[in-house]
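Student: Please take a close look at one part of this structure: the open and enclosed spaces, and the helix that borders on them. I would like one connected account.

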Amino acid sequence: MLLTYKGIVIKTINYSETSVIVKVFTDLSGLQTFMIKGARTSKSKNKISLLQQLSIIELVAYNKNTSTGIKLVKELKALYNYQSLPYDIYKSSIAMFINELIYKTIKDEERNEILFSFLFQSLIYLDSSAEKYFNFHLIFMLQYAKISGFSPSANYDAEHTYFNLNEGVFQSQPPLDAEFISPTYSKILHKLQNSDFENMSEISIDSETRRYLIEKLLLFYRLHINGFTEINSLKVLHEILS
């Protein structure tokens, strides 16, 4: 039986002289692994171009159980063609960071329509943004954490101004035995929590503050996701956005 998937390319691996293995986060069944035969031949250059990181594609694949769990693709086409993301160094560095974050956190082979829709719409929004998108990855991380079930608490107020990274809550005093964010930065974190991509430019953050917050949010991820490892693309992101 054939199934049609909408998907976001997470990782592509050369399999043979002509074929590739592709990790794709799909609308129907979460993270899936596909084989695309002949993708690396001279006649199929268009297929490889469709399999770049975070490409939004449509696949028709055989829904046949195999010992490896790899599905064979019959048809492949673009579902959305990026207009600026691959060519804008700032957007592409953010996309590289997001792709690695997704790769190191998404493990489920289960349908998650909310998460798929969020990723789909987020990437299109980044691609279409004309300016002032340098806070995009911060808001992405907060919204992604919320969908994944470990979002920072929304209890920030005039008394609760220290964010406890271990517990995920704002509190009135700095914790003695936990990582935390001080009041100055917690206030900005709270603003980001209550923002979305459409109004992200309204929050003014300098590059050093942005650097600090992203490193603290990655620590927050590390404290709440087992096996979450270092994001290698972070250094590039810092250099480009500094």
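Tutor: A pocket here is an open set of grid points where a 1.4 Å probe fits, with protein on both sides within 12 Å along at least five of seven lines. The model is predicted. In it, the largest pocket holds about 360 Å³ of space. Its lining counts 19 residues, and the closest to the pocket centre are Gln-52, Gln-53, Ser-55, Tyr-82 and Pro-86. Strand E4 (56-62), strand E5 (70-80) and H2 are the elements that each give two or more residues to this lining. H2 gives the most to the lining of the largest pocket, with 4 residues. By class, that lining has 12 nonpolar and 7 polar residues, and no charged ones.

Helix H2 can be followed further. H2 covers residues 89-103, and at 1.5 Å a residue its 15 residues should span 21 Å; the end C-alpha atoms are 21 Å apart, so the two values agree. At the start of H2, a side-chain oxygen of Asp-88 comes to within 2.8 Å of the backbone nitrogen of Tyr-90. Further along, the buried residues of H2 include Phe-97, Ile-98, Leu-101 and Ile-102, and Lys-91, Asn-99 and Glu-100 are also among them. The buried residues of H2 pack against strand E1 (2-14) and against four helices: H3 (113-128), H4 (136-148), H6 (207-224) and H7 (234-241).

Some of these packing partners appear again around other spaces. The second largest pocket holds about 290 Å³ of space. H4 gives the most to the lining of this second pocket, with 3 residues. There are 15 lining residues, and Thr-105, Ile-106, Asp-108, Leu-115 and Ser-148 lie nearest the centre of the second largest pocket. Its lining divides by class into 7 nonpolar, 4 polar and 4 charged residues.

Enclosed space comes last. The structure holds 1 cavity of 30 Å³ or more. About 80 Å³ of space lies in the largest cavity. H6 and H7 are the elements that give two or more residues to its lining, and H6 gives the most, with 5 residues. The lining of the largest cavity consists of His-137, Ser-207, Glu-208, Arg-210, Arg-211, Ile-214, Leu-237, His-238, Leu-241 and Ser-242. By class, these residues divide into 3 nonpolar, 4 polar and 3 charged.

Technical notes: Residues numbered from 1 in each chain as written. Predicted model: local features only at pLDDT ≥ 70, side-chain atom pairs only at ≥ 80, totals over all residues. Heavy atoms only, no water. Expected span 1.5 Å × (residues − 1). Buried < 20%, exposed > 50% of the residue type's maximum accessible area, 1.4 Å probe, protein only. Contact = heavy atoms within 4.5 Å. Polar contact = N/O pair within 3.5 Å; in protein donor to acceptor, adjacent residues only side chain to side chain. 1 Å grid on protein atoms, 1.4 Å probe; cavity = no way out; pocket = protein on both sides within 12 Å on 5 of 7 lines; lining within 4 Å. Points joined across faces, edges and corners; volume = space filled by probe spheres on them. Nonpolar A, V, L, I, M, F, W, Y, C, P; charged D, E, K, R; others polar.
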